[in-house]
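Me: I'd like to learn how to read charged side chains in a model. Could you walk me through it?

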Amino acid sequence: EEESKQKEFIGASEFRRKIIFNAILEAQDRADKEAEEGYPTYSGPNADLSKELTEKYTAEVRAEYEISKDEQIDIGNEGITKGWAP
């Protein structure tokens, strides 16, 4: 029942949600890498920059796949629960 609820809310096949999940992970990795380049140690500025870049890059993913922030969160949670991370 939970899975059908997710499909209904998200309106996308599991295959498409996996693609989006991986795009979200790539956006987060890109943000972390760029923040690390600017501030090599994990500190306040690094964490702030990482958060800012993560929001920017995940917003790009949301726009590309035409999903809301709530759908992004649901897909992220589903991917973690189902072990979709590479």
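Me: Which residue forms a salt bridge with R17?

Reply: Happy to help, and keep in mind that this is a predicted model. The general idea is that side chains of opposite charge can pair when their charged atoms come close. Here the partner of R17 is E78, with 2.6 Å between the closest N and O atoms. E78 sits in helix α4 and R17 in helix α2, so this pair ties together parts that are 61 residues apart in sequence. Both E78 and R17 are buried.

Me: Which residues are linked in a network of salt bridges?

Reply: The network links E14, R17, K18, E78 and K82. Across the whole structure, a search finds 8 salt bridges.

Me: What about E55 and K69: how do their side chains meet?

Reply: They meet in a salt bridge, at 2.9 Å from N to O. E55 belongs to helix α3 and K69 to helix α4, so the pair ties together parts 14 residues apart in sequence. E55 is partly exposed, at 32% relative accessible area, and K69 is partly exposed too, at 41%.

Me: And where do E34 and R30 lie?

Reply: Both are in helix α2, 4 residues apart, which is about one turn of the helix. Their side chains form a salt bridge of 3.3 Å, N to O.

Me: Is E37 buried or exposed?

Reply: Buried means under 20% relative accessible area and exposed means over 50%. E37 has 57% relative accessibility, so E37 counts as exposed. On the surface, E37 gathers with E26, D29, D32 and E36 in a patch of negative charge.

Technical notes. Residues are numbered from 1 along each chain as its sequence is written. This is a predicted model: local features need pLDDT of at least 70, side-chain atom pairs count only at pLDDT 80 or more; totals for chains, interfaces and linings use all residues. Side-chain values use heavy atoms; hydrogens and water are left out. Patches are made of residues with over 30% relative accessible area and no salt bridge: like charges are joined within 9 Å, nonpolar side chains (Val, Leu, Ile, Met, Phe, Trp, Tyr) within 5 Å. Accessible areas come from the Shrake-Rupley method with a 1.4 Å probe; for residues, only the protein chains shown count as cover. A salt bridge is a side-chain nitrogen of Lys or Arg within 4 Å of a carboxyl oxygen of Asp or Glu. Lys and Arg count as positive and Asp and Glu as negative; His and the chain ends are not counted. The place of a charge is taken as NZ of Lys, CZ of Arg, CG of Asp or CD of Glu. Buried means under 20% relative accessible area, exposed over 50%, partly exposed in between (1.4 Å probe, protein chains only). Helices (H or I, at least four residues) and strands (E, at least two) are DSSP runs, numbered from the N terminus.
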